[in-house]
Amino acid sequence: MSTNSWSIEVPISENPSAGSGLRPGAVEPVTVRAAVQALPAQLRDVAPAAGTAEAAWDTELSGLTINSREVLPGDLYVGIAGARHHGARFAGAAEAAGASAVLTDEAGLAHLADLHIPVFVAGDVRRLVGPLAAAVFNSVPADGPRPTLFGITGTNGKTTTSYFVNSLLQSLGRTTGLIGTIEILAGGEAIPSVLTTPESPQVHGLLALMRERGLDAATMEVSSHAITYRRVDGVRFDVAGFTNLTQDHLDLHGSMEEYFAAKAALFQPDRARRAVVTVDDEWGVKMAARAGVPVLTLATDGTGRDADWSVTDIAPRGLGHSFSIRGPVGEQLRVSTALPGTFNISNAALATVMVLASGVPAETVQAALDAHDPFTVEVPGRMQLIAEEPAAIVDFAHNPDALTRTLASVRRPGGDSRVIIVFGATGERDQTKRPLMGAIAARLADVVVVTDDDPHGEDAAAIRADVLRGAEGARTEEDLPCVIEEVAPRAVAIDRAVELARPQDTVLVAGRGHEVWQEVMGENLALDDRVELRRALTRYGFSALSSDGVES
């Protein structure tokens with residue numbers, strides 16, 4: 001990274017960020033004036049700060065970032081107020097790294113001194129970041145080639161549905177990209193993912209990279225945090241999909257109504273062109289009614305609820321299911337997934353209808369389904385099968401609804417088979433779901449091993465106590481036969497669960513899925529549930545599968 005100011009003098013220049021994987025390798029610089037003019041009229045309140053010459057409007061930009069440590073030569077550095085510091089405090093470091101200009105708000109101006117690059121000021125700077133990044137990177141042009149964009153939101157199923165959409169598109173011969181919890185894929189290149197959705201400059205940089213590589217389609221998980229924190233501002237999805245809404249993230253949103261409102265913002269004309277909404281519960285029905293774009297509704301629960309598309313004829317297929325999806329004018333597609341759990345019927349059906357909604361004919365989709373079995377696809381840490389005798393499974397279930405569905409899906413037929421669950425609750429998150437999850441485990445499992453998830457900065461024993469209160473309360477009040485143990489740390493709890501297991505049992509390790517670090521009092525400790533489960537299986541004489549198995 002250069003430490004000197006750098007101006008772009010050629011129409012197309014090589015971008016030194018290409019190696020990061022988060023931006024295109026070649027950019028066409030735009031002036032500040034052109035970038036601002038590309039904004040919606042209500043967002044054009046950008047002006048040169050006092051002492052900045054009018055000619056600063058002609059400053060050329062080749063990138064944009066809100067992180068001074070990620071500045072590359074030619075960037076617009078945007079200084080935003082943070083929880084502890086104002087980003088404008090780091091404008092000097094941004095200039096030293098080669099930033100061409102700085103944008104901040106009135107409060108940020110107080111932190112600027114001795115800069116030798118143009119400074120611009122605006123009102124609500126956070127609202128500008130996404131649209132400006134779209135203009136600078138030319139990531140989602142109104143005309144010209146670009147990937148068809150699919151966005152998926154909901155409490156549970158976002159990751160699996162995004163993998164299903166991506167897999168079906170690949171089965172159709174499309175070159176695809178993926179932005180999600182587990183990984184970011186740009187064609188054949190995998191880029192590690194930290195957030196469910198990266199910050200908006202990274203999103204637009206990635207979309208521009210996908211355009212540059214000629215990708216046909218891109219699929220993105222869109223969390224409520226991403227919408228609330230404006231990480232997808234400036235992106236308009238061709239098809240937005242909704243899975244479900246259950247209790248989660250109330251530490252951020254405060255209530256289910258506010259949580260719903262955050263999700264509903266995705267289904268408005270500035271963020272999507274059309275939508276597919278699963279209407280298996282009241283929140284889905286409300287989402288379809290609230291949407292400001294054309295909607296196709298989807299019913300997957302087999303109750304006969306009125307919808308444009310409905311799942312019928314569900315039948316077992318190995319660990320998974322086969323089923324039909326019937327459309328509004330008599331269309332019928334036969335679909336299957338080898339992945340366990342009825343929730344994967346919903347995920348596969350939503351992925352199918354989203355691809356149909358993008359304009360792919362039903363007969364073309366059916367041919368891809370028949371030829372490639374796209375919904376038997378690996379999704380790390382989602383119902384990942386580690387062993388078969390006992391059945392040993394790692395899953396991300398970390399809220400009441402997901403835990404209920406997962407526990408129901410893993411019980412084997414036969415009265416002599418037990419379900420042993422290892423789980424905890426995350427610290428510094430919604431505390432009300434902890435006893436709820438404890439009670440669910442007591443009702444649906446035979447042996448409940450309560451342990452730590454990610455305590456973060458909270459006392460781990462206190463978190464376990466909240467979960468245990470729910471489990472023990474349900475056992476007492478409902479006269480449940482389950483065994484409840486408290487075991488920590490988590491690796492020891494996993495070992496204890498396998499020690500108790502018999503070949504006919506199921507051991508479910510829930511809550512962390514694909515994660516490989518556990519945060520305890522600000523320290524990241526190496527911990528992978530899949531590794532610990534394999535280690536325990538070997539210790540007690542069981543055979544683990546040699547590679548990652550079926551996942552959802």
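Which residues are buried in α15? In this predicted model, the buried residues of helix α15 are Ala460, Ile463, Arg464, Asp466, Val467, Leu468, Gly470, Ala471 and Ala474.

**Helix α15 and its surroundings**

Helix α15 covers residues 460-477, and because each of its 18 residues should add 1.5 Å, the expected span is 26 Å, which agrees with the 26 Å between its end C-alpha atoms. An α-helix has 3.6 residues a turn, so residues three or four places apart point the same way. The buried residues of α15 pack against two strands that are given here with their residue ranges, β23 (419-423) and β24 (447-450), and also against helix α14 (433-444) and strand β25 (483-486).

After α15 comes Asp479, which lies in the loop between α15 and β25. The phi of Asp479 is positive, near 50 degrees, although Asp479 is a residue other than glycine. Asp479 counts as exposed, because its relative accessibility is 69% and the cut-off for exposed is over 50%.

**A second residue with positive phi**

Met383, which is not a glycine either, has a positive phi of about 50 degrees, and its place is in the loop between α12 (362-372) and β21. Is Met383 buried or exposed? With a relative accessibility of 1%, Met383 counts as buried, since buried means under 20%.

**Two cis peptide bonds**

The table lists two peptide bonds that lead into a proline and are cis, together with the omega value and the loop in which each proline is found.

| Cis peptide bond | Omega | Loop that holds the proline |
|---|---|---|
| Glu389 to Pro390 | near 0 degrees | between β21 (384-388) and β22 (391-395) |
| Ala488 to Pro489 | near 5 degrees | between β25 and α16 (490-500) |

Strand β21 therefore appears twice in this account, as the loop that holds Met383 lies between α12 and β21, while the loop that holds Pro390 lies between β21 and β22.

**A buried asparagine in α5**

Asn166 lies in helix α5, which runs over residues 158-171, and at 5% relative accessibility Asn166 counts as buried. What joins the side chains of Asn166 and Thr176? The two side chains are joined by a polar contact of 2.7 Å. When residues up to four places away in sequence are not counted, Asn166 touches Thr176, Gly177, Leu178 and Thr219, so that Thr176 is both a residue in contact with Asn166 and its partner in the polar contact.

Key:
Residues numbered from 1 in each chain as written. Predicted model: local features only at pLDDT ≥ 70, side-chain atom pairs only at ≥ 80, totals over all residues. Heavy atoms only, no water. Helix = DSSP H or I, 4+ residues; strand = E, 2+ residues; numbered from the N terminus. Expected span 1.5 Å × (residues − 1). Buried < 20%, exposed > 50% of the residue type's maximum accessible area, 1.4 Å probe, protein only. Contact = heavy atoms within 4.5 Å. Polar contact = N/O pair within 3.5 Å; in protein donor to acceptor, adjacent residues only side chain to side chain.
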